[in-house]
Amino acid sequence: MSDEEAIALLTRIVAAQGEIAAAGPEPQDVVDAITHRAQELTGSAGAVLEIRDGDLMRYWSASGIAQSQIGMTLPVQGSLSGRCITEARVLRCDDSEEDPRVNRDACRHVGLRSMLVAPLRFRGQVVGVLKVLAATPNAYDDTASKTLEQLSTLVAASLYKAIEHAQMRAALEARMGQGERDRKQVHDARERLLQVLEKRQITMALQPIVRLADGTITGYEALARFPLEYDLSTGRWFEDAARSGLSVELELAAAAAALTHLAALPAEAFLSINISPETACSERLRHLVARHDPHRLVLEVTEHTAVDDYGRLNQCLSALQETGLRIAVDDTGAGFASLRHVLRLAPDIIKLDITLVREVDQRPRMQALIAALLTFAQGTQADLIAEGVENERQLETLKALGVPFAQGFHLGYPQTP
C-alpha cells in the first residue's frame, strides 16, 4: 500500500468513526453504525457484530445479507468467530466450503462464501468480534484485512463505552434522590475549585519530551498538580470544573502556573500546555501567551465531546500559529474527538495516546495503526510524539517504526521544578 493509499484509508476510517460517534451513546445505535460502516469500508455484502454469550456467539447487529439473522447463535467451538476471540487477531476465510475452521452450516445459512473476522478488544479483553461477509470466494485481500483491523481497534472503545454509559444510566435511574446528591456534589466541587483558584494552589510537574534519535530533551509537558489534602486525581479536578462552569478559569490558571517555569528551561526546549477548545478561543489566553516567546510554546488541544464550530476553532488556532506558537492534538487514537481534530485542525504536532503505546511491542495491529498515523503526520508536515512509554521494549519498537519523539516514565518522570 502506497503512502497516499494509507493516508486515504486512515481518512476514511476516521470519517466512519465520526459517523459512529454521531449515533449517540445508546449501545444498539452504536453497534448498528459500526456494522454498516464496516460493510461499506470493505466493500462487503454484509457485516455482523457478534458478542459471546457463554458457549455461544450471538449476532447482536447485522447489515446487508446478514441483516435478517440478528439474534442467531452458533457455538464458540468450531466457528471462525470463536477462534478469533481465542487468538485475538484478524482471521480471513477465502472459501467457507473448503476452510475447516468455519461452521459451514452457519455460513450456508447466511449465504456467505468468504469473510474477515476481527476482535473487538478493549482494556485487555475481547468484548466481541466484527465480521464482514461476501457471497463469493476470495473476496478479501490484505488491504481489506488492514481496513477491518484498524477500524476494529478504534471502535472497540466506543462499543465498550456505550455499554458502560447504558449501565451507568440504569444504575443512576434506580437510585432515589440521586439528582439532589448530584447538585450537592456540583456545589461542593465549585466551592473547592474557587478556593484553590483564589489561593493560587495549582503547581506544575514537567515531564520531558525526548527525541528518540539521540535522546535529547526537546521539550516539556506541563502537568497540573493540586493540593494533596483533597485526595482527588488531576482528571477529577478538570471534570469538576467542567460541571461547575469553571473550565476556562481552571485551565488559564494552570497555564499561568506553567508559564512561570518557561524562563528556567533550556533555551532550545519548548513548553507544552494542555487546553480545551473553549480555552483556545479565549481572549485571555492570547494575552497570557503574548507575554512569552511563542516559538517556545505548544498548546495541546484535548477534547472529549464534539466541537460545535470547527470554523471558529480553526480561526482561533490559526491566529496563534501565525505568531509562531505550535498546536498539538492530544490523545490521538483514544477516541473520535482527537482523530477528528487531526483531520480538521492541521496541528503541528500529533500525540499518540498511551492506549496505542501500551502494547505496541506485542500487537502488530497497533504497530500498523501507528505506522499509518506516522505516514499521515509526515504527509501533513506534523511531528509525532508517543505518550506513555514505560519500558525498553516499547521504546525500541517505536524507534523501529520511525516515531521521532516520545515521553513517558521510561524516559523521565514528571518533576516539580
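Colleague: What makes the largest cavity, with a volume of about 70 Å³, a cavity?

Modeller: In this predicted model, the largest cavity has a volume of about 70 Å³. A cavity is a set of points where a 1.4 Å probe fits but cannot get out, so that space is called a cavity and not a pocket, which is open. The search of the whole structure finds two cavities of 30 Å³ or more.

Colleague: How do you know which residues line the largest cavity?

Modeller: A lining residue has an atom within 4 Å of a point. The residues that line the largest cavity include Tyr-59, Met-72, Leu-80, Ser-81, Asn-103, Cys-107 and Lys-131. H3 and helix H4 (104-110) are the elements that give two or more residues to this lining.

Colleague: What makes up the lining of the largest cavity, in terms of nonpolar, polar and charged residues?

Modeller: Seven are nonpolar, three polar and one charged. Lys counts as charged, and Lys-131 is in the lining.

Colleague: Why are Leu-80 and Ser-81 in helix H3 called buried?

Modeller: Buried means under 20% relative accessible area, so that holds for Leu-80 and Ser-81. Gly-82, Cys-84 and Ile-85 of H3 (residues 80-87) are buried as well. Just after H3, Ala-88 has a positive phi of about 55°.

Colleague: How do you know that strands S9 and S10 pair?

Modeller: Pairing takes at least two bridges, and five join S9 (residues 270-275) to S10, so the two strands pair. They run parallel, and Ile-275 stands opposite Val-301 in S10.

Colleague: What makes strand S10 mostly covered?

Modeller: Five of the five residues in S10 (residues 297-301) are buried. Leu-297, Leu-299 and Val-301 point one way, Val-298 and Glu-300 the other.

Note on methods. Residues are numbered from 1 along each chain as its sequence is written. This is a predicted model: local features need pLDDT of at least 70, side-chain atom pairs count only at pLDDT 80 or more; totals for chains, interfaces and linings use all residues. Side-chain values use heavy atoms; hydrogens and water are left out. Buried means under 20% relative accessible area, exposed over 50%, partly exposed in between (1.4 Å probe, protein chains only). Helices (H or I, at least four residues) and strands (E, at least two) are DSSP runs, numbered from the N terminus. On a 1 Å grid over the protein atoms alone, a cavity is a set of points where a 1.4 Å probe fits but cannot get out, and a pocket is an open set with protein on both sides within 12 Å along at least five of seven lines; lining residues have an atom within 4 Å of a point. Grid points are joined across faces, edges and corners, and a volume is the space filled by probe spheres set on the points.
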